[in-house]
Amino acid sequence: MPKPLSVTFLGTCAGGGPIQGRACSSTSLNHVSASWLIDCAEGTQDQIRKTSNVHISKIRKVFFTHLHVDHCMGIIPLMTSALRFEDVRQREPRLELYGPAGLRKLIRLNLQITQPNLIGKYAAHELLVSGEQPTTCVQEELFKNELPGRDILCDVSGVWRDFETSEGMSVDAGPILHRIACIGYVFREPPILKASPEFLSILDNTPRAFLPTGVQQPRQLLRDLLANRPIQLKNGDILQPPSVAEIGRKIVILGDTCDASGMAGLAQDASLLVHESTNAYIPPHIDPKSSKQTPESVQAKALAYGHSTPAMAGDFARRINAQRLFLNHLSAKFQPPLPYQSRARNEERTAILQEIERQASEAWGGGRAVCASDLLTVHIPHHATEQTPVS
């Protein structure tokens with residue numbers, strides 16, 4: 001049975017924030033026993049404390065899309081909380097950080113200047129493109145709580161495949177176009193083998209005389225078979241694992257971008273896509289304040305600053321055949337409804353957000369896109385069972 005898996009949006013505002021009701025960028029991928037953050041803006045720690053399903057003590061990894069301040073400046077406060085307790089695994093990092101070149105320097109300099117009282121260890125791993133120089137990890141340069149990180153070089157196609165495996169998921173990454181080096185991440189499960197009634201019937205009919213030494217009942221072989229391990233019987237026959245599997249879930253979370261095509265292959269058939277939608281044209285009949293804008297001027301501004309419109313997000317979702325689409329990194333002018341605002345004001349805000357969703361949904365053609373709100377948790381169900389080749 002697939003494990004529970006969910007995404008919690010801790011901050012959904014673009015760099016003009018934070019604003020009331022929206023913090024700046026951070027998203028949590030929640031496993032059963034751990035949470036992984038994607039970006040960690042100012043105020044992320046406060047947002048975590050407002051949730052019931054994300055706990056600082058369970059944060060084990062942080063993946064940075066890029067090093068603009070609205071995506072990374074909450075990491076030092078978070079580390080002072082996450083690394084304040086005794087760690088019995090002193091030779092292993094309590095917290096692992098991943099990001100573009102310069103991440104180690106950013107963390108190291110901030111810690112050296114502020115000198116927080118940390119106890120646990122951390123490691124910063126840099127994802128590098130060809131010719132890029134990593135921040136060195138010589139012993140005399142490390143912060144006292146820092147363990148040497150990995151220099152993770154992209155492959156010949158310019159992407160980082162399978163550079164981390166943990167919690168039953170593998171992690172890939174690819175370059176996406178922004179004003180500075182920026183990365184999108186893919187978190188994917190392997191196919192999960194299933195024992196169909198037909199498969200169990202064949203297994204149960206295996207003669208006991210043919211079973212491997214020490215095995216009393218055919219069903220004792222099921223664990224190895226479901227782990228994709230063939231089993232040789234005493235008569236020389238090979239019991240093959242089942243060919244029926246649930247396709248593993250794939251979660252794609254992008255950073256700021258005006259063009260994510262560099263990782264379209266990695267992101268194909270995403271169970272859930274999180275794509276930025278900083279800029280949007282809102283017709284004057286919905287928002288009279290937008291009367292001086294045109295769709296063309298809004299898209300030109302988005303491209304100039306390395307950002308996307310709802311239609312651009314929807315188009316990428318269509319290209320990769322995404323099953324669900326959530327929009328984040330919304331401009332600070334697209335404010336969420338709030339309990340203390342008037343009904344009329346909240347209706348205006350809701351209408352604007354619905355228009356953003358409509359534009360993305362129309363370009364996507366795969367369902368209804370959703371503007372993510374802060375503290376929204378999205379549960380990711382497993383896929384349908386089907387015949388799947390398992391390598």
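## Buried charge and nonpolar cores

Arg104 is buried, its relative accessible area being 1%. The structure discussed here is a predicted model, and the values below are computed from it.

**Salt bridges**

Side chains of opposite charge can pair when their charged atoms come close. For Arg104 the partner is Asp151, and the N to O distance of this salt bridge is 2.8 Å. Distant parts of the chain are thereby linked: Arg104 belongs to helix 4 (residues 103-114) and Asp151 to strand 8 (residues 151-153), with their positions 47 residues apart. Asp151 has a relative accessibility of 45% and therefore counts as partly exposed, since that class lies between the limits of 20% and 50%.

Helix 4 also contains Arg108, which forms a salt bridge with Glu141. Glu141 lies in the loop between strand 6 (122-128) and strand 7 (146-147), 33 residues apart from Arg108, and this pair too links distant parts of the chain. Arg108 is buried because its relative accessibility of 6% falls under 20%. Glu141, at 33%, is partly exposed.

Arg229 and Asp224 make up a further salt bridge. Here Arg229 is partly exposed, with a relative accessible area of 43%, and Asp224 is likewise partly exposed at 32%.

The three pairs are set out below.

| Pair | N to O distance | Relative accessibility |
|---|---|---|
| Arg104 and Asp151 | 2.8 Å | Arg104 1%, Asp151 45% |
| Arg108 and Glu141 | 3.8 Å | Arg108 6%, Glu141 33% |
| Arg229 and Asp224 | 2.7 Å | Arg229 43%, Asp224 32% |

Over the whole structure, the search finds 19 salt bridges. Lys61, Glu96, Arg150 and Glu164 are joined by such bridges into a network.

**Nonpolar cores**

In soluble globular proteins, nonpolar side chains tend to be buried together. The largest nonpolar core of this model holds 31 residues, and those touching the most other members are Val252, Leu254, Leu273, Phe316, Ile320, Leu325 and Ile356. At least two residues of this core come from each of strand 11 (182-188), helix 7 (264-267), helix 9 (310-319), strand 18 (325-328) and helix 10 (343-364). Helix 10 is the greatest contributor, giving 5 residues.

A second core, separate from this one, comprises 28 residues, among them Trp160, Phe163, Ile183 and Val370.

Within the largest core, Ile320 is one of the residues that touch the most other members. Leaving aside residues up to four places away in sequence, Ile320 touches Ala264, Ala267, Gln268, Asp269, Ala270 and Leu273.

Definitions and conventions: Residues are numbered from 1 along each chain as its sequence is written. This is a predicted model: local features need pLDDT of at least 70, side-chain atom pairs count only at pLDDT 80 or more; totals for chains, interfaces and linings use all residues. Side-chain values use heavy atoms; hydrogens and water are left out. A nonpolar core is a set of buried Ala, Val, Leu, Ile, Met, Phe, Trp, Tyr and Cys residues joined through side-chain atoms within 4.5 Å. Buried means under 20% relative accessible area, exposed over 50%, partly exposed in between (1.4 Å probe, protein chains only). Helices (H or I, at least four residues) and strands (E, at least two) are DSSP runs, numbered from the N terminus. Contact means heavy atoms within 4.5 Å. A salt bridge is a side-chain nitrogen of Lys or Arg within 4 Å of a carboxyl oxygen of Asp or Glu.
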